[in-house]
Amino acid sequence: MMLIKKEKMMDDKFKEATARITCGGKFGTAFLIDSSHAITAYHVVKQCVKGNPINLVFPFLGESGDRSAQLLNTRDKFNTGIDLAILQLNEPLENIETFQ
C-alpha cells in the first residue's frame, strides 16, 4: 500500500513539472528542469528559430502555469546533435519540484 502512495506522489510531482508546448503549428511535451528552464525535443521548436512564439501550458497549475519561452540553443544541417532543445521561460515557476 505504501508503494502505491509513493507512486502517486511521484506522478503528482511529475505532472506539475510537465508542460504542453506549441510552436509554429507543432506541439509536444516539455519538462521543467529548474524554475526558469525546460527541455523538449528540438524538432518541436525548430520553427521557433524563424521567430514563431513558444508557448508552454502547465495544465496542472491552471492559468498561473501559462508561460512563453525563448529557445536557447540552435542547430543547423551541419550541427545536428541530439534532438534536444533548452528553453528559458519568460517568468520563473516558483515552488514546483522539477525534473533533476
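Here is a quick tour of the barrel, its strand pairings and the core in this structure. Keep in mind that the model is predicted. The main thing to look for is a closed barrel of 6 strands, in the order 1-2-3-6-5-4, with antiparallel pairing. Going from one strand to the next, the twist averages 40°.

**Strand 1 and its two partners**

- Strand 1 covers residues 18-23, and its pairing with strand 4 (residues 54-57) is antiparallel, over 3 bridges.
- To find that pairing by eye, start at arginine 20, whose bridge partner in strand 4 is valine 57.
- With strand 2 (residues 26-34), strand 1 also runs antiparallel, and here 6 bridges do the joining.
- A handy landmark for this pair is isoleucine 21, which sits opposite glycine 28 of strand 2.
- Strands 1 and 2 make a hairpin with 2 residues between them. Glycine 24 is in that turn, and its phi is positive, at about 55°.

**On to strand 3**

- Strand 2 carries on to strand 3 (residues 37-40), again antiparallel, through 3 bridges.
- Phenylalanine 31 has isoleucine 39 as its bridge partner in strand 3.
- This is another hairpin, with 2 residues between strand 2 and strand 3.

**A closer look at threonine 18**

- Threonine 18 belongs to strand 1.
- Its side chain gets to the backbone oxygen of phenylalanine 14, at 2.5 Å.
- Setting aside residues up to four places away in sequence, threonine 18 touches Thr29, Ala30, Phe31, Val57, Phe58, Pro59 and Phe99.

**The nonpolar core**

- The largest nonpolar core has 23 residues. Within that set, Ile21, Val45, Ile54, Leu56, Phe58 and Leu87 touch the most other members.
- Several elements chip in with at least two core residues each: strand 1, strand 2, helix 2 (42-45), strand 4, strand 5 (66-71) and strand 6 (85-89).
- As background, nonpolar side chains tend to be buried together in soluble globular proteins.
- Isoleucine 54 is a good residue to click on, being among the core members that touch the most others. Apart from neighbours within four places in sequence, its contacts include Ile21, Val45 and Leu87.
- The contact list of isoleucine 54 also takes in Thr22, Cys23, Cys48, Arg67, Ser68, Ala69, Gln70 and Leu71.

Terms used
Residues are numbered from 1 along each chain as its sequence is written. This is a predicted model: local features need pLDDT of at least 70, side-chain atom pairs count only at pLDDT 80 or more; totals for chains, interfaces and linings use all residues. Side-chain values use heavy atoms; hydrogens and water are left out. Two strands pair if DSSP finds at least two bridges between them. Helices (H or I, at least four residues) and strands (E, at least two) are DSSP runs, numbered from the N terminus. Axes are lines fitted to C-alpha atoms, for helices over the stretch in contact, and angles run from 0 to 180 degrees between N-to-C directions. A polar contact is a pair of N or O atoms within 3.5 Å; within protein, one must be able to donate a hydrogen and the other to accept it, and residues adjacent in sequence count only if both atoms are side-chain atoms. Contact means heavy atoms within 4.5 Å. A nonpolar core is a set of buried Ala, Val, Leu, Ile, Met, Phe, Trp, Tyr and Cys residues joined through side-chain atoms within 4.5 Å. Buried means under 20% relative accessible area, exposed over 50%, partly exposed in between (1.4 Å probe, protein chains only).
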